[in-house]
Amino acid sequence: MTRPWTATVLTIFPEMFPGPLGFSLSGKALEKGLWKLDAVDLRSYATDRHRTVDDTPFGGGAGMVMRPDVVARAVDDLAAGGAPGPRIYLTPRGERLTQARVRQWAEEPGLLLLCGRYEGVDQRVIEARGFREVSIGDFVLSGGEIPAMAVIDACVRLLPGVVGDAASLEEESFNEGLLEYPHYTRPQLWEGRPVPEVLLSGHHAEIRAWRRRQALEITRRRRPDLLPTLS
Ligand code: ADE
């Protein structure tokens, strides 16, 4: 059997994993062996008695910076052990994650995710070990662990066999470059609010057209940047 898609996570908090990834869709898929998780303690690659992984920044300033030698030792050891796939460093300075990128990464044999804490990681090891800097959005979290979980979750749900009804993946947000249309279920009338009439009509072509219009409208209002510009 070929090896399952593998997320290797380098972190000073390996106990945070699988965390939420151990539940629901990703958790069941993990149990089934559809993907594999290897959370590695960065501190085990420190060489001093106190297992130090960080130091003060050259040039001064607040916070601490993760040492390049410790990170490199960890990465080289994991690479020798066969940790597969692109190397990603989670940072708000990174390029913004997109669903298109997630689809690419789900096709890889896995990912090596480096989680920073403190002020960040020495830039030299990011460059020397070929890490791609990735942000999950324009806001700052206190470390890369939650962003790493977000990346893993986004990839895992696209792996074959993880989502039972693959059709639901085809209609979701961003798949056609649009936000998704709204959903409704029973009761048909709730707090005086009816379900849009067309959804009860049974006219599949009309429903499809209505959903498409809704998707276009909500995208135009919320995320006009996603719409192709007419030039
Ligand atoms: N680390 C802290 N904030 C982050 C973000 N928004 N994206 C990726 N990594 C981060």
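Ala, Val, Leu, Ile, Met, Phe, Trp, Tyr, Cys and Pro count as nonpolar, Asp, Glu, Lys and Arg as charged, and the others, Gly among them, as polar. Keep these classes in mind as you look through the views of this predicted model.

**View 1. The residues around the ligand belong to two of the three classes.** Sorted by class, the shell holds eight nonpolar and four polar residues, and no charged ones. You can find the ligand surrounded by L90, T91, P92, V134, S135, I136, G137, F139, V140, L141, G143 and P147.

**View 2. Nitrogen atoms of the ligand meet the protein backbone.** Start at L141, where a backbone N or O atom lies 2.9 Å from a ligand nitrogen. Then look at I136: a polar backbone atom of this residue is 3.0 Å from a nitrogen of the ligand. At G137, the separation between a backbone N or O atom and a ligand nitrogen is 3.3 Å. On its own the ligand would expose 260 Å², and the protein buries 97% of that area.

**View 3. Strands β5 and β8 help to form the shell.** Strand β5 covers residues 87-96 and strand β8 covers 132-135; each gives at least two residues to the ligand's surroundings. Which strand supplies the largest share of the shell? That is β5, with three residues.

**View 4. Stepping back, the protein is divided into two parts, domain 1 and domain 2.** Domain 1 spans residues 5-156, and domain 2 spans 173-229. Taken over C-alpha atoms, the centres of domain 1 and domain 2 are 36 Å apart.

Notes:
Residues numbered from 1 in each chain as written. Predicted model: local features only at pLDDT ≥ 70, side-chain atom pairs only at ≥ 80, totals over all residues. Heavy atoms only, no water. Near = heavy atom within 4 Å. Polar contact = N/O pair within 3.5 Å; in protein donor to acceptor, adjacent residues only side chain to side chain. Areas by Shrake-Rupley, 256 points an atom, 1.4 Å probe, with all protein chains shown as cover. Helix = DSSP H or I, 4+ residues; strand = E, 2+ residues; numbered from the N terminus. Domains from an automatic or database assignment.
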